[in-house]
Amino acid sequence: MLTGKQIVLGVSGGIAAYKAIELLRLLTKAGADVHVIMTRSAQEFVAPLTFQTLSAHPVHTELFSLIAEREIGHISLADRADLFIIAPATANIIGKIAVGIADDMLTTTVMATKAPVLIAPAMNVNMYTNPIYQENEQRLRRFGYQFVAPVCGTLACGWEGQGKLADPAIFEAALSALTPKDLAGKKVMVTAGPTREELDPVRYISNHSSGKMGYALALAAARRGAQVLLISGPTALTVPAGVEYLPVESALHMQAAVMARIGECQVVIKAAAVADYRPCERIATKIKKGSQPVTIELVKNPDILAVLGALQDRPLLIGFAAETNNVAEYATRKLKEKNLDMIVANDVSQSDAGFNVDTNRALLIFRDGRRIESGLVTKMQLAGVILDQIAGELAAGPQVE
Ligand code: PMT
């Protein structure tokens, strides 16, 4: 995800400095080349050797260091950065940057960089809510610095409140900061997961959809700057950051949610595995076991995608096709019958594609007959391929037929 990206990670002196080690590990695992700068106080909490070993680069601690420097160290680092992260950022370092003090390696390099700067504060709650700190943060925000707000919890100093480093969110914020915002200003609806069609209060009919494909699309679209509305059947997944989430249960619930919000959206991606049938009747009390065979009568659910395809003024429509045979033929039929712009066909009979796995293998088929094969990729990678096509279609504007 971050291959070829140069990231400068500034670590300032707080107890949360040890959490920057895990952030460094995530960044390098994702392919980034990370250069670490530590302030003098940060070195009181964690030894530079730890960061040096994990980043495979010497750690920068001194402004006037002669090691390996034919270039001017802080300027070369500042120029090289695609992204600058300061985590944890103390009230002191934020105050210094806000007023333009550049008196050590970290503050000087931040001052010299043209890269986006992501600041993750961590401090005592009273320091965080202090109007002096708040004014410094607002001033930096006005200059375009991005912040990952600290979270609430028990702080190292014993106080309860907001001030803990939001470490899980920093990696996601870094990915987002490095992603071009080619879907900015667009609202994208993604449907995901299975639907549940209840037979009685304890039983239902459903399918094997985990929601992974739809959630990957929602996350990837949000990273690209889209406003994302995720309408999802029941899953065990965490809702991606920055995404509006509407949980639903049955196909009828999903239809109601989709139709209520369709007018706001420029793009709809229907990755949900909607049950085609539901029981004719939901029994109000638990059906009791008996010795006789039980017959369940089913009635057809509305085809939500087909309803959207028939709208006069419809958004860009992307459907999925879960097939086990004649994949291209059946998917093309669905594309035409449901009046879609694109269909993503996946062969769900394969163990590494379709339901409840992290990978997929898809054939994208367009209205004009064009086809793209993804090969075996992760669901995040497939989401990228699909969104590239959507961004292209949006940029090209409506086609006259
Ligand atoms: O959730 P995962 O575990 O990650 O699995 C991903 C997936 C296999 C569910 C996904 O990749 C996928 O293929 N989703 C579509 C599944 C499906 O219902 O396919 P279908 O061929 O039955 O339906 C075609 C299209 O019509 C789909 O976009 C579906 O959302 C839509 N549909 C279907 C029936 C219905 N009543 N209303 C609909 O809108």
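Visitor: How do you know that the length of helix H8 agrees with its number of residues?

Guide: Take the 12 residues of H8, residues 131-142, at 1.5 Å a residue: the helix should span 16 Å. Its end C-alpha atoms are 16 Å apart, so the two values agree. Do keep in mind that this is a predicted model.

Visitor: Which residues of H8 are buried?

Guide: Tyr-133, Asn-136, Glu-137 and Leu-140 are the buried ones. The cut-off for that word is a relative accessible area under 20%.

Visitor: What makes the buried residues of H8 line one face of the helix?

Guide: Look down the axis of H8: its buried residues fall within an arc of 95°, so they line one face. There is a general reason to expect such patterns. An α-helix has 3.6 residues a turn, so residues three or four places apart point the same way. On the face of H8 turned away from the buried side you will find the exposed residues Pro-131, Glu-135 and Arg-142.

Visitor: Why is Ala-56 called exposed?

Guide: Its relative accessible area is 63%. Exposed means over 50%, so Ala-56 earns the word. You can find Ala-56 in the loop between helix H3 (48-55) and helix H4 (73-80).

Visitor: And why is Asn-326 called partly exposed?

Guide: Asn-326 has a relative accessible area of 40%. That value lies between the 20% and 50% cut-offs, so "partly exposed" is the right term for Asn-326. This residue sits in the loop between E16 and helix H13 (327-337).

Visitor: What is the phi of Asn-326?

Guide: It is near 45°, a positive value in a residue other than glycine. Ala-56 also has a positive phi, near 60°. As a rule, most residues other than glycine have a negative phi.

Visitor: What is the peptide bond from Ala-87 to Pro-88, cis or trans?

Guide: It is cis, with omega near -5°. Pro-88 belongs to strand E3 (residues 83-89).

Visitor: How do you know that Ser-210 makes a polar contact with the ligand?

Guide: A polar side-chain atom of Ser-210 lies 2.6 Å from an oxygen atom of the ligand. The cut-off is 3.5 Å, so the pair counts as a polar contact. A backbone N or O atom of Lys-270 lies 2.7 Å from a ligand oxygen, and a side-chain N or O atom of Lys-379 is 2.7 Å from a ligand oxygen.

Visitor: How much of the ligand does the protein bury?

Guide: Taken alone, the ligand exposes 770 Å², and the protein buries 96% of that. E16 gives the largest share of the surrounding shell, 4 residues.

Technical notes: Residues numbered from 1 in each chain as written. Predicted model: local features only at pLDDT ≥ 70, side-chain atom pairs only at ≥ 80, totals over all residues. Heavy atoms only, no water. Polar contact = N/O pair within 3.5 Å; in protein donor to acceptor, adjacent residues only side chain to side chain. Areas by Shrake-Rupley, 256 points an atom, 1.4 Å probe, with all protein chains shown as cover. Helix = DSSP H or I, 4+ residues; strand = E, 2+ residues; numbered from the N terminus. Expected span 1.5 Å × (residues − 1). Buried < 20%, exposed > 50% of the residue type's maximum accessible area, 1.4 Å probe, protein only. Arc of directions from axis to C-beta.
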